[in-house]
Amino acid sequence: MSGKNILIIGGSRGIGAEAVKSFRAAGDNVVFTYHRSEREADDLRIRTGAVPVRCDVKFSNSVKIAIDKALSILGHIDVLICNAAIADFALITDIEESRWEEIIDTNLNGVFYCIRNVLPLMIQRKSGSIITVSSMWGQVGASCEVAYSAAKAGVIGLTKALAKEVGPSGITVNCIAPGMIDTDMNANVDAEAVAEIADETPLCRIGKPQEVASAMMFLASEDARFITGQVLGVNGGLIV
Ligand code: NDP
């Protein structure tokens with residue numbers, strides 16, 4: 001196999017699916033995970049040749065099984081992209097404990113489970129790139145998205161700490177913090193709120209999933225080998 005070996009966690013839809021297409025188009029070997037979107041994952045397999053593997057990042061055992069499967073297909077992983085997440089809108093006083101836990105388990109603990117399973121072989125090989133996906137709300141906080149913002153702020157802290165820990169092993173760890181991107185995640189946001197965010201954005205629009213995938217491609221590339229511990233905003237200038 002030629003090209004880099006890429007594992008994209010949460011590759012069945014939205015930004016993750018665009019990343020699957022971009023890395024495949026560049027000649028890389030791609031395994032991606034899906035959770036509920038089996039049909040979309042299979043379509044993506046047919047269109048790109050990337051290999052889907054089922055995984056629920058909330059559960060460490062499900063992550064271990066998926067990563068073992070990815071390793072059996074790829075042999076080793078050069079680039080891990082932790083992209084899976086869910087979003088929710090609620091006042092903090094209305095969030096059920098179980099929903100809080102689901103958001104933290106998916107958006108933060110899931111990142112930990114994925115990294116923990118991939119790192120030993122990267123450390124042994126003294127090479128690898130890990131790309132986490134936070135959000136501008138993890139940088140500045142969003143009203144009515146306290147759980148999501150807390151988890152995404154956690155992802156930034158995890159990224160910075162891990163970059164220091166594994167840098168001596170030749171592994172880079174960087175984070176992408178998207179602004180509002182046109183995916184299913186925002187399907188329930190009303191058009192007025194989307195227009196308001198676009199208005200406040202210096203580039204006067206919301207982002208496209210391909211634009212986040214392009215940032216992932218850069219951080220995974222040889223050109224980014226001296227970049228680690230960084231948070232790259234892909235937000236049209238909304239957060240500077
Ligand atoms: P989508 O809702 O379009 O896709 C989410 C992806 O995560 C899907 O592939 C989904 O898999 C997967 N996923 C969700 N829950 C789980 C789970 N429990 N286990 C495994 N996989 C899971 O989201 P986006 O593409 O918009 O978002 C991608 C990333 O970008 C996320 O981390 C998000 O927080 C971040 N982001 C997005 C922004 C936006 O405006 N869209 C803004 C800022 C950050 P499946 O469908 O198979 O269940």
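Buried means under 20% relative accessible area, exposed means over 50%, and partly exposed lies in between. Keep those cut-offs at hand for this tour. The model on your screen is predicted.

**Stop 1: Arg125**

Select Arg125 in helix α4. Its relative accessibility is 40%, so Arg125 counts as partly exposed. That value falls between the two cut-offs, 20% and 50%. Now add Val53 to the selection. Arg125 and Val53 are 72 residues apart in sequence. From C-alpha to C-alpha, the gap between Arg125 and Val53 is 24 Å.

**Stop 2: Met122**

Stay in helix α4, which spans residues 97–125, and pick Met122. Is Met122 buried or exposed? Met122 counts as buried, because its relative accessibility is 1%. Next, draw a distance from Met122 to Leu158. Their C-alpha atoms are separated by 17 Å. Along the chain, Met122 and Leu158 are 36 residues apart.

**Stop 3: Lys126**

Move on to Lys126, in the loop between α4 and β5 (128–133). Check the backbone here. Lys126 has a positive phi of about 55°, although it is not a glycine. Lys126 has 53% relative accessibility, so it counts as exposed.

**Stop 4: the ligand**

Now select the ligand and centre the view on it. Where does the ligand sit? The ligand is in the largest pocket. Two elements give two or more residues to the shell around the ligand: α1 (14–25) and α6 (146–166). Colour both helices to see them beside the ligand.

Show the residues around the ligand next. There are 31 of them. Which come nearest? They are Arg13, His35, Ser37, Tyr148 and Thr183. By type, the shell divides into 13 nonpolar, 13 polar and five charged residues.

Then look for three short distances to the ligand:

- Arg36: a polar backbone atom is 2.8 Å from an oxygen atom of the ligand.
- Asp56: a polar side-chain atom is 2.9 Å from a nitrogen atom of the ligand.
- Ile181: a backbone N or O atom is 2.8 Å from an oxygen atom of the ligand.

Switch on a surface for the protein. On its own, the ligand has 900 Å² of accessible area. The protein covers 96% of that area.

**Stop 5: Ser37**

Go back to Ser37, one of the residues that come nearest to the ligand. Find Ser37 in the loop between β2 (29–34) and α2 (38–48). Ser37 counts as buried, because its relative accessibility is 10%. Show side chains and add Arg13. The side chains of Ser37 and Arg13 are joined by a polar contact of 3.1 Å. Arg13 also belongs to the group that comes nearest to the ligand.

**Stop 6: Ala142**

Select Ala142, in the loop between α5 (136–140) and α6. What is the relative accessible area of Ala142? The value is 13%, so Ala142 is buried. Now add Val111. The C-alpha atoms of Ala142 and Val111 are 21 Å apart. In the chain, 31 residues separate the positions of Ala142 and Val111.

**Stop 7: Thr201 and Cys204**

The last stop is the loop between α7 (191–200) and α8 (209–219). Select Thr201 in this loop. Then add Cys204, which lies in the loop between α7 and α8 too.

Which is buried, and which is exposed? Thr201 has 4% relative accessibility, so it counts as buried. Cys204 has a relative accessible area of 58%, so it is exposed. Check the backbone at Cys204 as well. Its phi is positive, at about 65°, although Cys204 is not a glycine.

Finish with a long jump in numbering, from Thr201 to Ser22. These residues are 179 residues apart along the chain. Their C-alpha atoms are separated by 26 Å.

How values were computed:
Residues numbered from 1 in each chain as written. Predicted model: local features only at pLDDT ≥ 70, side-chain atom pairs only at ≥ 80, totals over all residues. Heavy atoms only, no water. Near = heavy atom within 4 Å. Polar contact = N/O pair within 3.5 Å; in protein donor to acceptor, adjacent residues only side chain to side chain. Areas by Shrake-Rupley, 256 points an atom, 1.4 Å probe, with all protein chains shown as cover. 1 Å grid on protein atoms, 1.4 Å probe; cavity = no way out; pocket = protein on both sides within 12 Å on 5 of 7 lines; lining within 4 Å. Sits in = over half its atoms within 2 Å of the grid points. Helix = DSSP H or I, 4+ residues; strand = E, 2+ residues; numbered from the N terminus. Nonpolar A, V, L, I, M, F, W, Y, C, P; charged D, E, K, R; others polar. Buried < 20%, exposed > 50% of the residue type's maximum accessible area, 1.4 Å probe, protein only.
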